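Reader: Got a minute to walk me through this one? I'd like to hear about the backbone first, then the packing.

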Amino acid sequence: LRVNTLRATREQAIAALAKDGIVAQPTPLSPVGLRLDARANIAASDAFRDGLVEVQDEGSQLIALLLGAQPGETVVDWCAGGGGKTLGIAAAMQNQGRLMAFDISAERLESARHRFERAGARMITAHLVDQPPAVLADRVLVDAPCSGSGAWRRNPAAKWRTSPETIADFAQRQAVILDTAAHAVR
C-alpha cells in the first residue's frame, strides 16, 4: 500500500488500518509504503474509503518519488492509466502546482478521477487524448505501455499472450510516446 500523505502519516495509516483488523508494516524502501502481514479486503476498510491508503506496489511508489516533483511545479504523467503514480506525485507536490494526467483510455481516466477525489488531490486535471496537447512541464513521467512481463509473478498466464510480434509493437509505440513526451519537457 502507499500512504496518501495528503491525508495521513504512515503511522496514522497503520493505526487506521489496525482499527479494521489489518496489520501493516513499513516497507523497506519506500518511505510511504506499507506491506500487509496477511491478505485483507483493503477496499472495505475505512482507511481506504477515507483516502488514507492506495493499493500500489513499492516499485511504483519509488518511481513517483524518484521523479522528484516539487510543490508549485508543472508536471505531466504522460501515460497515467488508473492514476496510481499520479496520486503519488500529487502527494509529493503537497497538492500545490499543476499536475496533468494524460491517457488514451476514457475508462482508466474515469477510474482515476474517482481515486483523485477520494485522495483529496485537487490539483490534478485528467486529459483524454490520442495526441496530448502541447504543454511545457518541469517534469514528465512516462510509464509507457509495455509487455507486462514485470507483472508476470502476479499474473503468470499473461506470459502466454506475449510474442516477438507484441514486443516489437510495444517497442514501436514506446519510441513514439517517448519522442513526443520529450518535447513537453521545459
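**Helix 4 and the cores**

Author: Right after helix 4 comes Gln 94, with a positive phi near 55 degrees. Helices here are DSSP runs of H or I with at least four residues, strands are E runs of at least two, and both are numbered from the N terminus.

Reader: Where do these values come from?

Author: It's a predicted model, with local features needing pLDDT of at least 70 and side-chain atom pairs 80 or more, while totals for chains, interfaces and linings use all residues. Residues are numbered from 1 along each chain as its sequence is written, and side-chain values use heavy atoms, without hydrogens or water.

Reader: Ok, is helix 4 enclosed or open?

Author: Largely enclosed by the rest of the structure, because eight of its nine residues (84-92) are buried. Buried means under 20% relative accessible area with a 1.4 Å probe, protein chains only. Lys 85 and Thr 86 are among the buried ones.

Reader: What does Ile 89 touch?

Author: Beyond neighbours within four places in sequence, Ile 89 contacts Ala 64, Leu 67, Ala 69, Val 75, Leu 99 and Leu 141. Contact is heavy atoms within 4.5 Å.

Reader: And how many residues are in the largest nonpolar core?

Author: 20, with Ile 89 and Phe 116 among those with the most contacts inside it. Helix 5 gives the largest share, four residues. A core is a set of buried Ala, Val, Leu, Ile, Met, Phe, Trp, Tyr and Cys joined through side-chain atoms within 4.5 Å.

Reader: Switching topic: which residue in strand 7 is the bridge partner of Asp 103?

Author: Leu 128.

Methods:
Buried means under 20% relative accessible area, exposed over 50%, partly exposed in between (1.4 Å probe, protein chains only). Two strands pair if DSSP finds at least two bridges between them.
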